[in-house]
Structures are given as structure tokens and as C-alpha cells.
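Please examine the sequence and the structure shown below. The explanation that follows begins at a single residue and proceeds outward from there.

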Amino acid sequence: MEAKKREVLEQVKKVDDPELPNVSVYDLGMVHEVQVEESRAHVTMIPTFAGCPALDFIKKNVETAVRELSWITGCEVTFSFNEIWSTDSVTEEGRRQLKKHGVAPPPDEYTPGEEWQVDCPYCGSAYVSMENVFGPTACRSILYCRSCRNPFEAMKPVIRDKTLAR
Ligand SMILES: [Zn+2]
């Protein structure tokens, strides 16, 4: 059983976030649980942001990837809205990939309500300015590096603090 679960997880790891090419949904910390019962798999995922689009797309891609396993006869993917995703869930590999694609990973430590320190993913400079806090999605901001003059995106920090959820 454990071997099957691992096989399913390996397939899930191949699925990238549609908005962040080459950053897998696994490395973004979206995979909550994988269950396998005989030839059926059930993958529970955590949406990164309730407002983030593309959840249906991710669901379909995960299902397709898991169904590539010859012994799978059925795969169900569900999103759990009871679990709270936080940017702490992004793996080391996820942070590395984000940087590679010009997206500054979320900060390691963040105090809610405070501005967070963002370093340029290209040159590492801390001399950056917030150009547009409302990035292409609710999850990201657009910043501008004053050192290498590149615009880049930053993933906004989200912390797992239920006292802030209203
Ligand atoms: Zn820079």
C-alpha cells in the first residue's frame, strides 16, 4: 500500500502550478494527503489562496497525472477548505524554483501587519520598491529592483494564524 501511495505522490509531484511554470503544486505545499484504496486514489489538496483561480485546472491536471499509472482505475481530487495553507508550506525546492522564475519567495519569518523584506530574485539586492501591490493574482505583488532594474514578482506572505481570519 505504501508503495502505491508513493507512486501516486510521484505523479502528483509532476504537476506544475498553471501560473508558475516549473513550480510544482507539491512544492507549493498544496498536497495535503494521498490515500490509495486498491486501484483508486484520493488526493486532498489545500488551495493556496481562496481567491486564486485555476483550482479546477489543477484538479484536472492532478487527476490526469495520477491516471497515467497503469494500475489506477479511478482518481478523485478534492480541495480541503478546512486546512489553512501558509507560505511556510512552500518547500526549499519550491523556493528555489520560484526564484529561478523571477518570483521572490515568501519570507521565512513574517509578522502580520508589518511590511516584509523582499530581496530581488535576480541579483539578491534588498533595494527594491513596491510598484504594484495588486499583482496579476491576489497571491503576488509586482516589485522593481533598483539595483539591476528588473521588475519582478513576490509571493505575498500568508501565515497560519487563525486569530487573523475573520
Ligand atoms: Zn535585482
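Setting aside neighbours within four places in sequence, Val12 is in contact with Tyr26, Val31, Val34, Val43, Val62, Ala65 and Val66; two residues are in contact if their C-beta atoms, placed from the backbone, lie within 7 Å. The model is a predicted one, in which local features need pLDDT of at least 70 and side-chain atom pairs count only at pLDDT 80 or more, while totals for chains, interfaces and linings use all residues. Residues are numbered from 1 along each chain as its sequence is written.

Val12 belongs to helix H1 (residues 2-12), where Val8, Gln11 and Val12 are buried. Here a residue is buried if 20 or more other C-beta atoms lie within 10 Å of its own, exposed if 12 or fewer, and partly exposed in between, with C-beta atoms placed from the backbone. Seen down the axis of H1, the buried residues fall within an arc of 105°, so they line one face of the helix; the arc is that of the directions from the helix axis to the C-beta atoms. An α-helix has 3.6 residues a turn, so residues three or four places apart point the same way. On the other side of H1, Glu2, Ala3 and Arg6 are exposed. The cover over the buried residues of H1 includes E3, E4 and helix H2 (55-67). Helices (H or I, at least four residues) and strands (E, at least two) are DSSP runs, numbered from the N terminus.

What lies beneath H1? This helix lies across E3 and E4 and runs at about 135° to E3, whereas H2 lies across E4 and E5, at about 155° to E5. For such angles, axes are lines fitted to C-alpha atoms, for helices over the stretch in contact, and angles run from 0 to 180 degrees between N-to-C directions.The three strands named here form an open sheet with the order E3-E4-E5 and mixed pairing. E3 and E5 are the edge strands, as each pairs on one side only, and the twist averages 15° from one strand to the next. Two strands pair if DSSP finds at least two bridges between them.

Strand E3 (residues 31-37) and E4 pair in the antiparallel sense over six bridges. Val43 is the bridge partner of Val34, and Glu37 stands opposite Arg40 in E4. E3 and E4 form a hairpin with two residues between them, and Glu38 in the turn has a positive phi of about 50°. E4 is also joined by six bridges to strand E5 (residues 74-79), and these two strands run parallel; Met45 has Phe79 in E5 as its bridge partner.

In a regular strand the side chains alternate between the two faces of the sheet. Strand E4 (residues 40-45) has a covered face, made up of Ala41, Val43 and Met45, and an uncovered one, with Arg40, His42 and Thr44.

Val12 and Val43 appear again in the largest nonpolar core, which has 35 residues; those with the most contacts inside this core are Val12, Val43, Val62 and Val66. H2 gives the most to this core, with four residues. Domain 1 (2-79) and domain 2 (92-164) both give residues to the core, so it lies between them. A nonpolar core is a set of buried Ala, Val, Leu, Ile, Met, Phe, Trp, Tyr and Cys residues joined through C-beta atoms within 7 Å, and the domain bounds come from an automatic or database domain assignment.

The protein as a whole has three helices and nine strands, in the pattern α-β-β-β-β-α-β-α-β-β-β-β along the sequence. Of its 166 residues, 31% count as buried.
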